[in-house]
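This report covers the nonpolar cores of one protein chain, then two groups of paired strands and the helices that pack on them.

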Amino acid sequence: MTVTQPAGVGCPFLNPQKLFEDLAGARTGQGLPHSDTFEGRVVGRYDEIVQALHDPETFSSQPTVGTVPSPWREQFEGRVPSRGTLLGLDNPDHDRLRSSVNSFFMPRKLGRYEGWIREQAHLMVDGFVEDGRTELKLSFALPLPLKVIAHVVGLDSHRSEWIGAALGFFMGPRDIYHPGTPDEKAQLLLDLHDYILEVMDERKHNRRDDLISHIWNERESGAVEMTDFEMLSMFPGLMLAGHETSSNLICMGLSHLLADPNRYAAAQKDDTSRAEALEELFRYESAITGMKRLVTRDVSLGGTQLKAGETVFLAYAAGSRDATKFSHSDDIDFDRDWAVPHLGFGQGIHACLGAPLARLLLRIELEVLHERLPDLRLGAPYDELEYTVVSEGRGMVSLPLEWTPVRVAERASAPVIDALHSAAIPVTVSARRLVTEKVLELTLETSSPDIVRWEPGAHLDLELPDGSLRQYSLCGQTASSELRIAVLKEDSGRGGSKLIHDQVKVGDRLSIRGPRNHFRLKPAQFLLFVAGGIGITPLLPMIEEAERRGTPWRLLFLGRERKLMPYVEDLVQRHPANVYVWPSSERGRYNLDDIWSRVPADDAFVYACGPNELLAGLEESAARHDAELRLVVERFAAQKVEHLPNRPIEVQMSRTGKTVTVGVDENVLDVLNREGASILSTCREGTCGTCEVRVLEGVPEHRDSVLSLEERLANQTMMTCVSRCRGRRLVLEA
Ligand code: FES
């Protein structure tokens with residue numbers, strides 16, 4: 001297949017085979033050269049690209065996505081969003097809409113798709129493995145990402161070929177893979193939007209484990225406000241970017257690996273080597289050449305004065321080969337430490353949303369191709385492989401491959417890991433009783449006691465009759481097949497507790513998810529429980545557990561009025577020597593600093609649950625008494641955290657034992673990477689989840705917008721690019 005290059009004079013950025021040489025000229029020359037191809041001034045130096053990416057107000061994304069061409073504008077009106085995809089949106093709309101999908105694409109969470117993706121890759125290879133040769137782009141590199149992204153979004157992956165043809169409308173002349181006139185593709189695109197709307201409507205009432213359901217959940221929780229049309233606008237652009245870039249990345253990456261058999265063997269040693277090789281290949285030749293930005297105010301960039309209204313092209317491909325940032329930058333080196341992150345997926349608020357999915361998919365693709373295609377080699381000379389025309393995207397026209405043919409063997413099915421993850425468990429309300437004027441206790445019975453085993457400290461998600469989810473601590477007996485929760489009626493809440501009090505009756509059938517637990521009891525010599533009002537609920541089974549273990553314990557029960565404190569009389573009656581009740585209406589405010597003198601120094605923990613104000617006070621008090629590691633808290637709601645001013649913090653790296661200081665102007669990610677931690681990053685703004693690390697000790701100050709409330713409260717991981725520490729020290733798995 002041959003692609004004719006457009007004729008053009010005066011602009012160097014036309015020849016796809018010479019693109020990197022031309023970009024090197026833009027990087028090392030004076031100022032910012034104008035390019036007809038990229039329709040603006042080309043920014044090629046790493047620091048200047050990064051500066052623009054992190055200043056979206058000055059460098060608007062408006063020109064990134066073109067508008068619908070005039071012949072179809074009327075036809076598309078009200079059915080196809082005129083400026084689809086997040087890539088072309090500026091703030092505040094960008095952050096508002098992107099916040100609905102950020103947590104879905106976290107690498108840790110995407111891991112549940114690994115088995116399914118691997119199975120699809122094997123099935124696709126089954127189709128050509130006996131032939132000994134294939135054109136990889138058409139047989140594997142394009143169809144597999146399409147199938148994957150359709151499945152992840154929640155569409156029928158069997159229709160992925162049709163979806164690809166419809167998305168071809170956006171690719172224009174770049175779509176040389178799907179036949180059809182522009183009018184035919186426009187009609188397909190309209191049909192695709194109608195189909196997505198149908199699926200959105202179905203998922204509104206019948207959630208599954210997919211992106212469409214995830215966004216509905218976010219919308220219903222009140223975390224994100226968007227219209228149905230805005231929601232619709234997210235998917236086509238995401239699917240287009242998701243499959244086109246992935247297909248180009250695997251083709252270009254494989255060509256570079258197979259050009260040198262030793263390099264291919266080094267990359268294919270194991271999963272770790274594959275991941276490391278891919279990272280370097282993303283730097284060496286990204287599928288995104290760069291992105292356009294509109295300058296919104298007069299500004300100086302790298303010494304060049306730009307005027308409001310000018311367009312610049314941020315050439316990621318040039319920045320990732322900037323020799324001032326990457327040694328021997330034109331060579332492939334799998335041993336880089338990533339102290340300086342590459343720009344293969346961009347950076348800043350528009351960093352590639354699907355980067356974690358691309359990393360997972362490409363690693364699986366390399367693994368499966370290696371496993372199934374022995375003696376894999378290029379089917380054409382490396383120097384003669386053809387690249388698509390120069391544009392914002394970079395890719396190959398085709399990738400012919402050859403190998404020693406093999407018979408298709410029986411393969412054991414890979415596990416499909418998604419059913420349990422989101423399974424809803426039906427329960428029946430078997431009893432309801434008012435514990436206080438405002439606290440209602442519900443007993444839920446399940447026919448699946450094996451699935452809902454739980455430990456003290458656990459909570460469950462209760463699906464309300466209106467479809468929304470609320471979290472409640474389990475407060476009954478762990479050995480019982482009945483689950484007990486207590487619900488405080490909150491007049492100023494989001495309406496969930498009111499709905500439960502007013503509408504849920506004995507005999508009603510509801511659904512739960514979980515239970516989950518991030519408030520587990522640690523082995524201890526002594527336990528002090530501190531409850532604030534309804535915060536007593538998770539502590540009730542913990543008290544029973546402490547009794548069972550024979551661990552000495554005390555309860556400090558704080559509240560406004562004794563009659564409003566749930567379960568107080570029962571507790572006092574059963575454990576008169578252990579329970580200390582403090583109603584503030586009778587006794588005034590409790591001095592939290594007193595707590596630490598009542599707790600032995602070693603192997604003693606304070607478990608606290610209650611309103612944010614109480615828990616924040618406890619944390620501050622613990623910090624004053626150097627007791628942060630002895631305090632374990634459970635929150636009901638997100639802390640309204642004003643970010644603390646940056647202060648130096650100490651971080652111990654568990655793998656080397658080394659402790660480093662993160663200064664006020666530094667971030668944890670860069671400091672750890674300077675010490676050789678090799679933590680990957682993409683956005684560097686807390687939105688993609690790539691730089692997540694496990695927290696082994698200490699309490700992070702979360703500043704990201706990707707972790708859920710529950711995950712923040714659990715404090716088991718943090719995003720190192722933005723988050724810091726609420727105390728003085730963290731121990732991180734790095
Ligand atoms: Fe994206 Fe840190 S790099 S969250």
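## Nonpolar cores

In this predicted model, the largest nonpolar core comprises 132 residues. Val43, Ile49, Val153, Met239, Leu314 and Ala315 have the most contacts inside this core. The element that gives the most to the core is helix α12 (residues 228-258), with 14 residues. Because domain 1 (16-81 + 110-402) and domain 4 (649-732) both contribute residues, the core lies between these two domains. In soluble globular proteins, nonpolar side chains tend to be buried together.

Apart from its neighbours within four places in sequence, Val43 is in contact with Leu32, Glu48, Ile49, Ala52, Leu301, Val312, Phe313, Leu314 and Ala315. Among these contacts, Ile49, Leu314 and Ala315 are also listed with the most contacts inside the core. A second core, separate from the largest, has 54 residues, including Leu460, Leu528, Ala531 and Leu556.

## Strand β5 and its partners

Strand β5 (residues 291-295) has four of its five residues buried, so the rest of the structure largely encloses this strand. Pairing between β5 and strand β3 (residues 59-60) is antiparallel and uses two bridges. Here Ser60 has Leu294 of β5 as its bridge partner.

Strand β8 (residues 311-314) also pairs with β5 in the antiparallel sense, over four bridges. Within this pairing, Met291 is opposite Leu314 of β8. Leu314 is also one of the residues with the most contacts inside the largest core, and Val43 is in contact with Leu314.

## The five-stranded parallel sheet

An open sheet is built from five strands with parallel pairing, in the order β19-β18-β17-β20-β21. Its edges are β19 (579-583) and β21 (631-635); each has a single partner strand, so one side of each lacks a neighbour in the sheet. From one strand to the next, the twist averages 15 degrees.

At the β21 edge, strand β20 (residues 604-610) runs parallel to β21 and is joined to it by five bridges. Ala608 is placed opposite Val633 of β21.

## Helices on the sheet

Which strands does helix α18 lie across? Helix α18 (residues 539-549) lies across β17 (526-532), β18 (553-559) and β20. The angle between α18 and β17 is about 160 degrees.

Helix α21 (residues 612-624) also packs on the sheet, where β17, β18, β20 and β21 are the strands it touches. The direction of α21 makes about 165 degrees with that of β21.

How values were computed: Residues are numbered from 1 along each chain as its sequence is written. This is a predicted model: local features need pLDDT of at least 70, side-chain atom pairs count only at pLDDT 80 or more; totals for chains, interfaces and linings use all residues. A nonpolar core is a set of buried Ala, Val, Leu, Ile, Met, Phe, Trp, Tyr and Cys residues joined through C-beta atoms within 7 Å. A residue is buried if 20 or more other C-beta atoms lie within 10 Å of its own, exposed if 12 or fewer, and partly exposed in between; C-beta atoms are placed from the backbone. Domain bounds come from an automatic or database domain assignment. Two residues are in contact if their C-beta atoms, placed from the backbone, lie within 7 Å. Two strands pair if DSSP finds at least two bridges between them. Axes are lines fitted to C-alpha atoms, for helices over the stretch in contact, and angles run from 0 to 180 degrees between N-to-C directions.
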